[in-house]
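Me: I'd like to learn how to read the contact between two chains. Could you walk me through it with an example?

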Protein chains: 2
Amino acid sequence: MRLTFLGTGAATPSRTRNVTGLALQFDQRRALWLFDCGEGTQHQILRSPLRLSQLERVFITHLHGDHFFGLLGLLASRSLQEGSDSPVTLYGPAGLDEFMRCALSVSRMRLRYPFTVETVKPGKVYEDDEYAVTCAPLAHGIECYGYAVQEKERPGRFDPERAKALGVPPGPLFGRLKNGATITLPDGRAVDGRALTGPTRPGRRAVVCGDTYVTPNTVALARDADVLVHEATYLHEDKPLADRALHSTAAMAAQAARDANARALILTHISPRYESVTGSRLPELLAEAQALFPNTYLAQDFWAYDVSRRETSP
Amino acid sequence: MRLTFLGTGAATPSRTRNVTGLALQFDQRRALWLFDCGEGTQHQILRSPLRLSQLERVFITHLHGDHFFGLLGLLASRSLQEGSDSPVTLYGPAGLDEFMRCALSVSRMRLRYPFTVETVKPGKVYEDDEYAVTCAPLAHGIECYGYAVQEKERPGRFDPERAKALGVPPGPLFGRLKNGATITLPDGRAVDGRALTGPTRPGRRAVVCGDTYVTPNTVALARDADVLVHEATYLHEDKPLADRALHSTAAMAAQAARDANARALILTHISPRYESVTGSRLPELLAEAQALFPNTYLAQDFWAYDVSRRETSP
């Protein structure tokens, strides 16, 4: 799983950060998922190695403009691309379907690929053989969600040495044992594959939160997550601004990651006030979070983060 | 009057051209008018010397996404800027008001400045002391307009030498004569200011067309215009594409400028097909138009064009 940050600024685009957009790619499948899609997300994709043709799902956290005004142009441009015929599903709060219906109708846009809008509610929003996506409501004064992408458990590791010691000849029988089957050897002994594999291995969990103030829902959603992407609009010295607009400071984001026992925290949705011609206060913002949660990163536009697997004991 | 091209590509943004957006500034007033506002127009303004705080009017030619999907983010960002309190009026085809209402409602956007949407019909859409804006329907398969900005006639040039010869002392009396007043000299003679000024001087006319196929309305709107901004999506060798999608080739745009007796033609809305990694065919596109209408320019993003006054005979 790889996250690519397409927009990491708050509220309005700046010269260094676009408004919110985040791409997720997978190890084995050629699919692109987006989390939020602020204006100019298609422009950022154009300047990245990502391909709009692979777009499969877009999860919208909330309906503030800087998180979804880029949807219309992105979907329209994809419809004009050769070979972009695969379906796209949009997930988001109530009102998103109405917005899309209105915009498609007024602009007489007929998307050439199957297109669906699903209104989400807290709980499971998507599931396939390998991944499940759930969402939880956050605290932002408007219906707003965090999304957790949970990779499913994978079977335990198969121990070929033990199989050989039992007299199983390497070859096709190994494959059946790996899948947990019971085989019968030429001498009549039965060998149970499940006894030759270790414990099932947990899948990775990536959690992407929309704009939010402190809420226990963030902590619950990000419990033991491999990575938590959390907004950090303000420095903690500006906490009154965060209180007023229901945003988070870097320290608040770090506290959530710490309480959730997450493995890594990525800060995004940074207020443009901290990057001016006179200098940047972003090192302070990062340090403030790292003081509470050392494994914190500060996202930049076009920065990619690989969600590695946990090291498992042999 | 100065035109600044913010987006000069057709349909989708490319690495070199954004989707349509065009700014108009004035000699004497600090006002910014926009013609169309494709996605990313606010990003282009951010990278230009233009100021969103000066935005006064936006004229939308038609409701294809690449001409208006940037409105929402642009208006939202302006609302977050200090000192952007002056009113903004939006002009465009039926449906624009519905789109804005829907988007403002769904995103709970409350603009901090007075904001109005006016649905245009062929004819006059705006007028003040110095300028009038009229629009005419074009041929694009969807309600689509060209806008003509007509500077009003200015009084004729005042001839100070003739005034002096009549014995008028230079000073405040000159000002009154310039304004066409009749003054009485100390010796009792009356001097009529109108006799000391030349013929009224015509104002400049800038015409900005939306996407269109050939139509006599373009020619009528652009009659004697100082500048005609016209789409040239295709080379004439691709005319079948223009016929199908109701666009123009460079030759068709040049013919319109020629028929209208315009002074200058600026080509924009260029298909990305002519600029690829293997080379550019834009010199051909420009040459094709110049063969019919020599005073043709090919717009680029961020290029500015000053609409000069006609030289008048002394």
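Me: How many residue pairs are in polar contact across the interface of chain A and chain B?

Reply: Happy to help! Keep in mind that this is a predicted model. Across the interface of chain A and chain B there are 12 residue pairs in polar contact, counting pairs with both residues at pLDDT 80 or more.

Me: And how many salt bridges are there between chain A and chain B?

Reply: There are 0 salt bridges between chain A and chain B. Over all chains, however, the structure holds 36 salt bridges.

Me: Which helices of chain A supply at least two residues each to the side that touches chain B?

Reply: Helix H1 (41-46), helix H2 (71-79) and helix H3 (96-106) of chain A each do so. The one that gives the most is H3(A), with 5 residues. Sorted by class, this side of chain A has 15 nonpolar, 16 polar and 5 charged residues.

Me: How much area do chain A and chain B bury between them?

Reply: Chain A and chain B bury about 2,800 Å², with 64% of it on carbon and sulfur atoms. On the chain A side, the residues that lose the most area to chain B are Glu39(A), Phe69(A) and Val106(A), which together make up 23% of what that side buries. As for residues, the contact takes 36 from chain A and 36 from chain B.

Me: How should I read the arrangement of the two copies?

Reply: The general idea is that two copies of a chain are related by a rotation about an axis and a shift along it. Here, a turn of 179 degrees and a shift of 0.1 Å along the axis lay chain A on chain B with an RMSD of 0.2 Å. The two copies are therefore related as by a two-fold rotation axis. In chain A, Gly40(A) has the C-alpha nearest the axis, 2.7 Å from it. Both copies use the same surface, as 100% of the contact residues of chain A recur in chain B.

Me: Let's turn to a salt bridge within a chain. Which residue does Arg263(A) pair with?

Reply: Arg263(A) forms a salt bridge with Asp226(A), and their closest N and O atoms are 2.5 Å apart. Arg263(A) is in the loop between helix H8 (250-260) and strand E14 (265-268) of chain A, while Asp226(A) is in the loop between helix H6 (216-221) and strand E13 (227-231) of chain A, so the pair ties together parts 37 residues apart in sequence.

Methods: Residues numbered from 1 in each chain as written. Chains lettered and ligands numbered in written order. Predicted model: local features only at pLDDT ≥ 70, side-chain atom pairs only at ≥ 80, totals over all residues. Heavy atoms only, no water. Contact = heavy atoms within 4.5 Å. Buried area = accessible area lost by both parts, 1.4 Å probe. Salt bridge = Lys/Arg side-chain N within 4 Å of Asp/Glu carboxyl O. Polar contact = N/O pair within 3.5 Å; in protein donor to acceptor, adjacent residues only side chain to side chain. Helix = DSSP H or I, 4+ residues; strand = E, 2+ residues; numbered from the N terminus. Nonpolar A, V, L, I, M, F, W, Y, C, P; charged D, E, K, R; others polar. Least-squares fit on C-alpha atoms with pLDDT ≥ 70 in both.
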